[in-house]
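Please read the following report alongside the sequence and the three-dimensional view. The text goes from helices to strands, then to loops and domains.

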Amino acid sequence: MPVLRPKLRALEIVVIQDERHGRALMLRDTEGIAPSPVVVPAASAAVLARFDGRRPIDEIARDVARSTGQHVDAAHVSQLADELERAWMLDSPRFHARRRSVVQSFDAAPIRMAAHAGGAYHGDRRKLADFIERKCLQVARPQGGATRAAASQGAPARMVGLCAPHMDLWRAAAGYGHAYAALEQALAGPGLEQVDTFVLLGTSHAAMRRPYAVCEKTFATPLGPLEPDREMIAELAAASRFDVREDQYLHKNEHSIEFQAVFVRHLLGGRAASIVPILCGLSECQARRRDPAQDDGAESFLRALRDALAKRPGRVLVIAGADLAHVGPRFGDPAPLDERQRTALRDRDLASIERATSIDAPGFFVDVARDLASRRVCGLGPIYTLLRALPPSSRGEMLHYEQCVDPEEGSIVSHTSLGFYG
């Protein structure tokens with residue numbers, strides 16, 4: 001049945017170079033309902049912008065023709081709408097029926113499968129362990145076995161929190177290495193003998209209905225499973241003013257927590273521990289650039305998290321999987337950054353990092369929110385939440401900073417590794 005008034009879903013759209021279309025748009029479903037992305041010519045952007053569910057096909061064609069000065073065939077618009085409908089990219093009854101089915105299947109499953117194994121990192125156990133050791137940890141382990149943070153004058157010895165990248169392991173190996181080499185040493189030293197729970201905070205790359213989403217499932221990794229801390233999750237659910245499991249499905253394909261789970265599982269070896277996986281979308285707070293402390297729902301969860309940590313002194317370590325800037329043609333900017341602009345980006349990132357290492361949660365939120373539309377920092381939610389969860393007396397240190405530049409078109413994703421001690 002043809003689509004009469006097409007409405008595009010909330011999708012991730014990135015600019016790519018495609019063999020068939022040249023400059024093109026890749027539409028990706030961050031919810032994971034659509035099984036694969038769709039690539040369309042960049043010239044279709046004006047048509048897609050009018051897929052709002054209110055306009056019929058003929059009106060869309062006429063409106064695009066008026067705005068661009070070029071003839072637009074209604075049959076072409078209809079064909080594009082039908083293609084996107086078949087690919088589950090439109091907000092339609094057909095999509096919602098599929099979504100209900102997929103969500104129900106995930107909710108019923110006891111295990112959250114390793115969605116990105118074999119893609120963003122090795123799916124083979126031995127190859128993955130070898131990559132983590134040789135390409136990540138060994139590169140970051142300083143001479144003499146002291147981490148940078150532990151060797152710093154006056155740095156507290158006991159780690160209480162960590163921030164690591166959430167890019168694929170291939171590109172962010174050094175960043176992961178610096179973060180998890182610091183955690184490796186902390187776990188082997190005095191002060192963390194009792195740690196048996198890791199709170200894993202991640203960015204939700206799909207839109208969330210609620211500020212936070214907790215997943216009460218076993219996380220599978222090629223290195224072995226990680227069990228959820230159901231007792232802490234129950235405490236968070238009871239004390240929060242919203243259903244913390246309402247958006248649980250968004251954990252299914254989200255990589256930001258999965259990548260941290262892989263490293264934690266590797267470092268633990270045979271040591272017993274559990275996890276509390278939390279996606280931090282901040283919902284309306286982030287959309288409106290309003291400090292979550294002013295939102296009853298978000299604040300109730302943050303208080304519940306602080307209370308849960310206070311009940312378990314010395315037993316919990318909080319990890320945020322968070323990248324920083326996303327800039328360049330891939331993300332909608334007209335051109336890649338030149339050397340001067342890259343330096344300016346570094347300065348902006350470092351200003352945000354300084355707020356984080358000072359444990360200034362409100363200042364960090366305001367600083368990142370003011371250019372969120374242009375710098376596109378996707379780690380705002382998890383880093384803010386980490387800062388709110390840490391003891392006020394904590395101190396942070398930057399372990400690593402990097403700008404990962406796409407070798408083909410120059411787009412940049414920046415990230416940092418931070419250690420927090422107290």
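On helix 8, the face turned away from the buried side carries the exposed residues E231 and A238. In this predicted model, the buried residues of the helix, which spans residues 230–239, are M232, I233, E235 and L236. These four cover an arc of only 155° around the axis, which puts them on the same side of helix 8. An α-helix has 3.6 residues a turn, so residues three or four places apart point the same way. The cover over the buried residues of helix 8 includes strand 6 (197–202), strand 7 (212–214), strand 9 (227–228), strand 10 (274–280), helix 11 (296–310) and strand 11 (316–321). At the N-terminal end, D229 acts as a cap of helix 8, with a side-chain oxygen 3.2 Å from the backbone nitrogen of E231.

Within this helix, I233 may be taken as an example of the buried side. Its relative accessible area is 0%, and I233 is therefore buried, the cut-off being under 20%. Leaving aside residues up to four places away in sequence, I233 touches V214, C215, E216, P228, R245 and V276. Between the C-alpha atoms of I233 and K311, which are 78 residues apart along the chain, the separation is 13 Å.

Helix 5 can be described in a similar way. Its 16 residues (125–140) should span 22 Å at 1.5 Å a residue, and because the end C-alpha atoms are 22 Å apart, the expected span and the one in the model agree. Helix 5 nevertheless has a kink of about 30°, centred on E133. The residues L128, F131, I132, C136, L137 and A140 of helix 5 are buried, and what covers them includes helix 7 (173–188) and helix 9 (255–268). Where helix 5 starts, the backbone nitrogen of R126 has a side-chain oxygen of D124 within 3.1 Å.

Two strand residues come next. Q403 is part of strand 13, which covers residues 395–405, while S414 belongs to strand 14, residues 412–421. Q403 counts as buried because its relative accessibility is 14%, which is under the 20% cut-off; S414, at 0% relative accessibility, counts as buried as well.

Which residues does Q403 touch, not counting residues up to four places away in sequence? They are R342, L345, R346, I412, V413 and S414. For S414, with the same exclusion of residues up to four places away, the residues touched are D323, L324, A325, D349, Y401, E402 and Q403. In space, the C-alpha atom of S414 is 20 Å from that of A181, the two residues being 233 residues apart in sequence.

The polar contacts made by the side chains of these two residues are set out below.

| Side chain | Partner | Distance |
|---|---|---|
| Q403 | R342, side chain | 3.0 Å |
| Q403 | Y401, side chain | 3.1 Å |
| S414 | A325, backbone nitrogen | 2.9 Å |

Backbone geometry is the next topic. Most residues other than glycine have a negative phi, and most peptide bonds are trans. I359, which is not a glycine, has a positive phi near 55°, and R376, also not a glycine, has a positive phi of about 55°. I359 lies in the loop between helix 12 (339–357) and helix 13 (361–369), whereas R376 has its place in the loop between helix 14 (372–375) and helix 15 (380–389). Are these loop residues buried or exposed, or partly exposed? I359 counts as buried, because its relative accessibility is 14%; R376, with a relative accessible area of 22%, is partly exposed.

Finally, the domain assignment divides the protein into domain 1 (12–103) and domain 2, the latter made of residues 112–144 together with 155–421. The contact between these domains takes 11 residues from domain 1 and 10 residues from domain 2. Taken over C-alpha atoms, the centres of domain 1 and domain 2 are separated by 32 Å.

Notes. Residues are numbered from 1 along each chain as its sequence is written. This is a predicted model: local features need pLDDT of at least 70, side-chain atom pairs count only at pLDDT 80 or more; totals for chains, interfaces and linings use all residues. Side-chain values use heavy atoms; hydrogens and water are left out. Buried means under 20% relative accessible area, exposed over 50%, partly exposed in between (1.4 Å probe, protein chains only). A polar contact is a pair of N or O atoms within 3.5 Å; within protein, one must be able to donate a hydrogen and the other to accept it, and residues adjacent in sequence count only if both atoms are side-chain atoms. Contact means heavy atoms within 4.5 Å. The arc is that of the directions from the helix axis to the C-beta atoms. The expected span of a helix is 1.5 Å times one less than its number of residues. The bend at a residue is the angle between axes fitted to the seven residues ending there and the seven starting there. Domain bounds come from an automatic or database domain assignment.
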